[in-house]
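Look at the sequence and the 3D structure below, and keep both in view while reading. The paragraphs that follow go through helices, charged pairs and single residues in turn.

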Amino acid sequence: MSSAGHCMIFAKSESQIIGFPSKAIVLMQMRFDGKLGFAGGIIEVEDESVEAGIGREMLEEMGIDPAVYPLSKGDHVSSQPFHCETLPQVKALHFYALEVTEAQIAEIENNARNAIHYGEEVLGWVRVPLYTMTDGYNGFPAFLDNNFVGNARDQLLEALIKTGIMTKEEIDSAVKVAKFSKNQ
């Protein structure tokens, strides 16, 4: 039985973006299919742990050395069963959130272009805007209207709460305003 694993890389921050406070820097990737997601993929190596598999994928997609940025069971956010006709070998999805420093985020972003799959599987990196602008929509609610792969949007929301970056009330407020949620 195979599984897939993905990881949100983040750094808590007190920085401002055009005057709006941003509680953290969260990285997502623009994938080859035009959708937003997180680093990771199918764990195919026999006897490879979920953490090691995600580490291998982060090396390939972001150039992150798993020896320098090791994942642990404490970084685990969620696991769930998975069924998809196009990926019948994958039976479970695992999601992790790895906290690094702001300086490490900058280093990761600078080195990402040297990753093996940059320009092929990964077309670039995006910082999630974790604020709502004065119009009540732009910023995080507008970001939630992007096209996410699979359950990446839900994983982002869950991880933001679990890591203490945002409260459930802040998430619920943004989701309520996002146009995508109104069309479901």
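In this predicted model, the axes of helix H4 (residues 152-162) and helix H5 come within 9 Å and cross at roughly 150 degrees. Because of that angle, H4 is roughly antiparallel to H5. The crossing of the two helices, H4 and H5, is right-handed. Two packed helices are described by the angle between their axes and the distance between the axes.

Which residues of H4 and H5 meet? On the H4 side they are Arg153, Leu157, Leu160 and Ile161, and on the H5 side Lys168, Ile171 and Val175. Sorted by class, the contact of H4 with H5 has five nonpolar residues, two charged residues and no polar ones. Arg153, Leu157 and Leu160 are also among the buried residues of H4, together with Ala152, Gln155, Leu156 and Ala159. Just after H4 comes glycine 164, which takes a positive phi of about 80 degrees.

Lys168, one of the H5 residues that meet H4, leads to the next topic, the charged pairs. Side chains of opposite charge can pair when their charged atoms come close. Lysine 168 forms a salt bridge with aspartate 172, and their closest N and O atoms are 2.9 Å apart. Why are lysine 168 and aspartate 172 separated by about one helical turn? The reason is that lysine 168 and aspartate 172 are four residues apart in helix H5 (residues 168-177). An α-helix has 3.6 residues a turn, so residues three or four places apart point the same way. Lysine 168 is partly exposed, at 48% relative accessibility. Aspartate 172 is partly exposed as well, with a relative accessible area of 37%.

Salt bridges that share partners can also be followed from residue to residue, and here they join Glu48, Arg56, Glu57 and Glu60 into one network. Within it, the side chains of glutamate 48 and arginine 56 meet in a salt bridge, at 3.0 Å from N to O. Glutamate 48 has a relative accessible area of 19%, so it counts as buried, the cut-off being under 20%.

How many salt bridges does the structure hold? The number is eight. One of them pairs arginine 31 with aspartate 33, with the closest N and O atoms 2.6 Å apart. Is arginine 31 buried or exposed? Arginine 31 is buried, with a relative accessible area of 18%. Its partner aspartate 33 is partly exposed, at 34% relative accessibility.

The rest of the tour visits single residues in and around the strands. Serine 3 is found in strand S1 (residues 2-12). Its relative accessible area is 13%, so serine 3 is buried. Along the chain, serine 3 and isoleucine 42 are 39 residues apart, yet their C-alpha atoms are separated by 6.0 Å.

Isoleucine 18 sits in the loop between strand S2 (16-17) and strand S3. Although isoleucine 18 is not a glycine, it has a positive phi of about 50 degrees. Isoleucine 18 is exposed, with a relative accessible area of 77%.

Strand S3 (residues 20-21) contains phenylalanine 20. Phenylalanine 20 counts as buried, at 17% relative accessibility. Leaving aside neighbours within four places in sequence, phenylalanine 20 is in contact with Ser15, Tyr131, Thr132, Met133 and Thr134. Where serine 72 is concerned, the C-alpha atoms of phenylalanine 20 and serine 72 are 32 Å apart in space, and the two residues are 52 apart in sequence.

Glutamine 29 lies in strand S4 (residues 24-31). Glutamine 29 is buried, at 4% relative accessibility. With which residues is glutamine 29 in contact, leaving aside its neighbours within four places in sequence? They are Lys35, Leu36, Gly37, Phe38, Ala39, Glu61, Val122, Gly124 and Trp125. Glutamine 29 and arginine 113 are 84 residues apart in sequence, and their C-alpha atoms are 12 Å apart in space.

Methods. Residues numbered from 1 in each chain as written. Predicted model: local features only at pLDDT ≥ 70, side-chain atom pairs only at ≥ 80, totals over all residues. Heavy atoms only, no water. Salt bridge = Lys/Arg side-chain N within 4 Å of Asp/Glu carboxyl O. Buried < 20%, exposed > 50% of the residue type's maximum accessible area, 1.4 Å probe, protein only. Axes fitted to C-alpha atoms, helices over the stretch in contact; angles between N-to-C directions. Parallel < 35°, antiparallel > 145°, perpendicular 65-115°, else oblique. Left-handed = near helix turned anticlockwise from the far one by under 90°. Contact = heavy atoms within 4.5 Å. Nonpolar A, V, L, I, M, F, W, Y, C, P; charged D, E, K, R; others polar.
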